[in-house]
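The following paragraphs lead through a protein model, from its overall make-up to a sheet, a surface patch and a set of charged pairs. Please keep the sequence and the structure in view while reading.

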Amino acid sequence: KFPGFYNPNEPATMLALIGVVVALLAVIAGWFMTQKKPEKVAAPPPKEDPEPEEKKSKPGKGAAGLAAKKKETKPGSHPNMLCAFKGHTGDVTDFKFAPSGKLAGTVGEDRKVIVWDLKKLPPTQAQNLSPELDHGVALAFSPDDKYVAVAFHRSKDIKVYERKQAKEGARVSFPSGHSRDIIALEWAPGGRYIVVCCDGAKDNIRVFKPSGEFIGTINPGALETYGIVVSPDSRFITAATMQCDAKVWEVGAGKDGGIAKVMELTGRSGGGGAKGHSAAIHSVDFGGTTPAVLNSETKFAATASKDGSAKLWNIGVRYQFNEDPKCTMTVDSADGKAVRHVALPASESPLWLATFSNSAGLCFFSAPDGALALQVPLSETGDVIKMRFCPAALGGHADVLATVSSDGKSRLWVPKL
């Protein structure tokens, strides 16, 4: 005998061995009992007779075909869109028509300055430049289309390039004097001055001669400014701010030729009265080559507000005798939410007023009755960051609106085909 080894003569060892065998047999039997028998698969139902070929609507034929085509319409193919074009690889920061309406310009975060030739649609690139290591945030054309001014992001400098020789460098360069981000740049259509606006709260509008000589500052009196505009006769500058009125300043006012406030598109008192806005004005536009044109010849202005409305104003008043602009038409956003942008065509009697909001998209209202003539959803326009009418006929259409969206595309629209 050796300790630890199996000895069949010992009764205890035999009993233990039998117990192990019995337990193993029980486990095996239980496993077999848990296995389910395969279920019988029901026979498939008989196939129905196929629909006769003559009853099926073929794609592209008949009403069903037209409906199918409508469902397959892709975003960006709206019938009122003349064309879409894109030249930047990053976000577009500004868009401007040249005063002649024959050119347009864009700047973007990809450091490109692109001048577009609008003789044919879609437009082609006349110039594509990257003049600085910095990127432009705003641009404006000279009255004769020969020069383009660009405001730069990091340096806060304003540089004026001769359009056809921009690769040779800026002809004029001067500091804007702003320490905050520049949000707008305008060149007076008469060529007298350039206006630069930043997002600061005080003296954030600065006026220069095209040579860079400083003229003066404007304090809108608001904590936030959304944009500036210049009248086509170069007399007026106006701004959209977080206040419910749009102040208007005259350049060259008085005997000293300074800058003075001359009127307001107001919601508090005066000609606007109870018909004015009750919240911040996000955008102002008076037609022409800039987002806002204001003079006694055009006689109309437009404002868009956080209160969910846009208004048409009669500004053909004798402001020298303290006459106030009159609100002649109010249109409400389709869902009552804030209106971000407004635009008027270049006309003494505009036939359209265009608005954009995040929820209602792009809307064209007929003037002066305020009827909604066309609504384009956000899926077709993209998130619009800039919009304005071309100052001249384009592609055979008198009133062409340009929108620039956050996807980098510029689109041209007409309110009526």
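Of the 417 residues of the protein, 47% count as buried, a term that stands for under 20% relative accessible area, with exposed meaning over 50% and partly exposed in between (1.4 Å probe, protein chains only). The model is predicted, so local features need pLDDT of at least 70 and side-chain atom pairs count only at pLDDT 80 or more, while totals for chains, interfaces and linings use all residues. Residues are numbered from 1 along each chain as its sequence is written, and side-chain values use heavy atoms, with hydrogens and water left out.

The protein contains three helices and 28 strands; these are DSSP runs numbered from the N terminus (helices: H or I, at least four residues; strands: E, at least two). About 21,400 Å² is exposed, 55% of it supplied by carbon and sulfur atoms, with areas taken from the Shrake-Rupley method with a 1.4 Å probe; for residues, only the protein chains shown count as cover.

One open sheet has four strands in the order E6-E7-E8-E9, with antiparallel pairing; two strands pair if DSSP finds at least two bridges between them. Strand E6 (136-141) and strand E9 (172-175) lie at the edges, and each has a single partner strand, so one side of each lacks a neighbour in the sheet. Within the sheet, strand E7 (residues 147-152) and strand E8 (residues 157-162) are joined by five bridges, and tyrosine 147 has glutamate 162 in E8 as its bridge partner.

Charged side chains form 14 salt bridges in the structure, each defined as a side-chain nitrogen of Lys or Arg within 4 Å of a carboxyl oxygen of Asp or Glu. Glutamate 250 and arginine 235 form one of them (3.2 Å, N to O). This pair links distant parts of the chain, 15 residues apart: glutamate 250 is in strand E16, and arginine 235 is in the loop between strand E14 (225-230) and E15. Glutamate 250 is buried, at 13% relative accessible area, whereas arginine 235 is partly exposed at 26%.

Another salt bridge connects aspartate 245 to lysine 247, with the closest N and O atoms 3.7 Å apart. Aspartate 245 is buried at 3% relative accessible area, and lysine 247 is buried at 14%. Elsewhere, Asp94, Lys96, Glu186 and Lys386 are joined into one network by salt bridges that share partners. In the bridge between aspartate 94 and lysine 96, the closest N and O atoms are 3.0 Å apart; aspartate 94 is buried at 2% relative accessibility, and lysine 96 is buried at 3%.
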